[in-house]
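Here are a few exercises to work through with the model open beside you. Try each one before you read the solution.

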Amino acid sequence: MPADRPSSVSATHSPTAGADTEPLALTGAGLAAVRAQFPALARMQNGRPYVYLDGPGGTQVPRRTIEAMASYLEHCNANHGGAFGTSEDSDATIAEAHAAAADFISAAMPHEIVFGQNMTTLTFAASRAIGRTLRAGDEIVVTRLDHDANVAPWLALEEERGVRVRWVEIRTDDCALDLTSLERALGPRSRLVAASLASNAVGTLNPIARIVEMAHSAGALTYVDAVHAAPHVAIDVATLDTDFLVCSPYKFFGPHLGLLYGRRELLERLTAYKVRPSSDAPPEKWETGTLPGEALAGLLATFEYLEELGSTARVAGGLSGPAGGVRGGATRRDRLRAAMAVIGATERRLARRTLTALGSVPGLELRGIVDPNRMAERVPTFAFTLAGHSPREVATQLGRRGIAAWDGDFYAYELIRTLGLAESGGLIRVGAVHYNTEEEIDRLVEALGEIAGTRIVGAGRD
Ligand SMILES: Cc1ncc(COP(=O)(O)O)c(C=O)c1O
């Protein structure tokens with residue numbers, strides 16, 4: 001697919017878009033045009049539109065992603081490296097997916113992008129390879145905020161290599177990382193720090209640049225879990241200077257896939273678990289077996305969707321300058337970055353609305369950052385308990401009303417235990433992405449009010 005073709009702009013900002021403090025936010029006709037691109041959003045339940053607040057577990061995909069997957073299977077469904085047309089076309093799609101993913105996270109080159117089944121599988125593979133370089137007594141630092149997929153693979157090295165695992169604690173009042181405990185955990189034997197950009201349970205955005213800096217000062221590598229951050233904020237591995245970063249396209253409007261970034265020199269130097277005939281060069285040496293070509297074709301289309309969203313920002317005249325600027329001759333990287341600026345603005349509005357609205361539900365106790373002045377430190381993922389009702393009961397009641405919300409520990413295993421919620425079913429989690437609406441937040445809060453036995457109408461409205 002041509003990455004730099006001019007976008008036909010189907011999503012526009014309404015003239016009044018974000019007349020408040022977020023001029024880039026999608027509202028009105030612009031938001032409706034975005035939503036129209038996601039076929040799943042047309043689902044109805046009990047005569048009302050279905051409300052997807054399960055984004056942290058997986059997002060919906062634009063129509064073009066579905067079509068690209070079908071088109072791959074129809075036109076170039078072949079294995080890698082053949083001397084014939086369909087294999088060449090398939091390989092071209094796969095190469096372009098690496099290039100687009102490199103642009104999405106600002107990697108230096110496509111060879112630094114490794115695709116796999118999902119983040120968990122990639123992290124087990126990477127941790128095994130890194131583990132081969134470690135000796136008994138070496139130390140790895142993990143956090144109590146992370147999804148277990150960025151903890152368990154490192155814990156396994158305790159048993160396998162005699163590595164010592166040290167912990168970064170959390171502050172229970174706002175579920176933010178306690179960086180003084182990171183300072184204490186770092187030392188002369190530190191070899192790697194595994195931390196996340198954003199918490200998939202409570203939405204905290206971690207000061208990851210600072211964490212990477214601290215790890216590097218101690219001589220440790222960094223392994224950043226950006227799975228929960230990727231649908232919400234622009235990821236820039238170059239500025240972040242991390243050694244590794246992982247995310248999952250199915251959490252940012254793409255198909256079920258995992259994506260690992262590794263610094264070229266590390267991907268080359270480390271010994272991967274691979275079959276002998278496959279290439280010794282990255283990314284092939286890390287991409288074991290046959291890649292899901294149709295999913296990579298779909299992911300390319302997801303990036304195109306985002307590019308178009310970024311171009312829309314230029315049409316709206318809202319973006320200029322290097323940070324989010326889309327100007328004439330802009331690159332795919334610029335457009336993807338601009339898309340994330342639009343997404344960020346849209347989500348901040350939704351986050352403020354959600355925070356106010358949830359605050360109106362009697363008996364609802366929100367965990368994480370609740371200060372409206374600290375919205376820049378979180379993404380719109382909110383987790384809470386409702387007095388007198390188990391999380392599963394609340395999620396079930398919401399589900400019956402056509403509202404998809406998760407309950408449990410979301411594999412944020414240590415966090416839920418640190419908060420003392422493991423025995424009581426964990427938390428209820430609602431997560432918005434840019435295609436969600438303020439009306440959906442009102443629906444959520446009205447439903448929670450009913451479950452709590454109170455009538456609440458439009459509590460979050462400005
Ligand atoms: C923050 C975070 N890390 C890791 C994972 C695991 O991702 P995957 O399903 O791609 O293995 C998830 C999935 O929910 C997540 O939210």
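**Exercise 1.** Find what share of the residues of the protein count as buried, and work out whether its radius of gyration agrees or disagrees with that of a compact globule.

*Solution.* Keep in mind that this is a predicted model.
- Start with burial: 53% of the 462 residues count as buried.
- Next, get the expected value: for 462 residues, a compact globule would come out near 23 Å.
- Now compare: the protein has a radius of gyration of 22 Å, so the two agree.
- For the outline, the C-alpha trace spans about 65 × 50 × 40 Å along its principal axes.

**Exercise 2.** Count the helices and strands, then say how much of the contacts comes from residues far along the chain, 24 or more positions apart.

*Solution.*
- The tally is 14 helices and 17 strands.
- Take the contacts with a separation of 6 or more: 69% of them join residues 24 or more positions apart.

**Exercise 3.** Describe how helices H11 and H14 pack: at what angle, and through which residues?

*Solution.*
- Locate the pair: H11 covers residues 332–359 and H14 covers residues 438–452.
- Their axes lie 10 Å apart, at an angle of about 20 degrees.
- Angles under 35 degrees count as roughly parallel, so that is the label for H11 and H14.
- The crossing of H11 past H14 is right-handed.
- On the H11 side, look for Leu350, Arg353, Thr354, Ala357 and Leu358; they meet Glu438, Ile441, Asp442 and Val445 of H14.
- Sort the residues of this contact by type, and you get five nonpolar, one polar and three charged.

Methods
Residues are numbered from 1 along each chain as its sequence is written. This is a predicted model: local features need pLDDT of at least 70, side-chain atom pairs count only at pLDDT 80 or more; totals for chains, interfaces and linings use all residues. Axes are lines fitted to C-alpha atoms, for helices over the stretch in contact, and angles run from 0 to 180 degrees between N-to-C directions. Helices (H or I, at least four residues) and strands (E, at least two) are DSSP runs, numbered from the N terminus. Angles under 35 degrees count as roughly parallel, over 145 as roughly antiparallel, 65 to 115 as roughly perpendicular and the rest as oblique. A crossing is left-handed if the near helix is turned anticlockwise from the far one by less than a right angle, and right-handed if clockwise. Two residues are in contact if their C-beta atoms, placed from the backbone, lie within 7 Å. Ala, Val, Leu, Ile, Met, Phe, Trp, Tyr, Cys and Pro count as nonpolar, Asp, Glu, Lys and Arg as charged, and the others, Gly among them, as polar. The radius of gyration is taken over C-alpha atoms; the globule rule is 2.2 Å times the number of residues to the power 0.38. A residue is buried if 20 or more other C-beta atoms lie within 10 Å of its own, exposed if 12 or fewer, and partly exposed in between; C-beta atoms are placed from the backbone.
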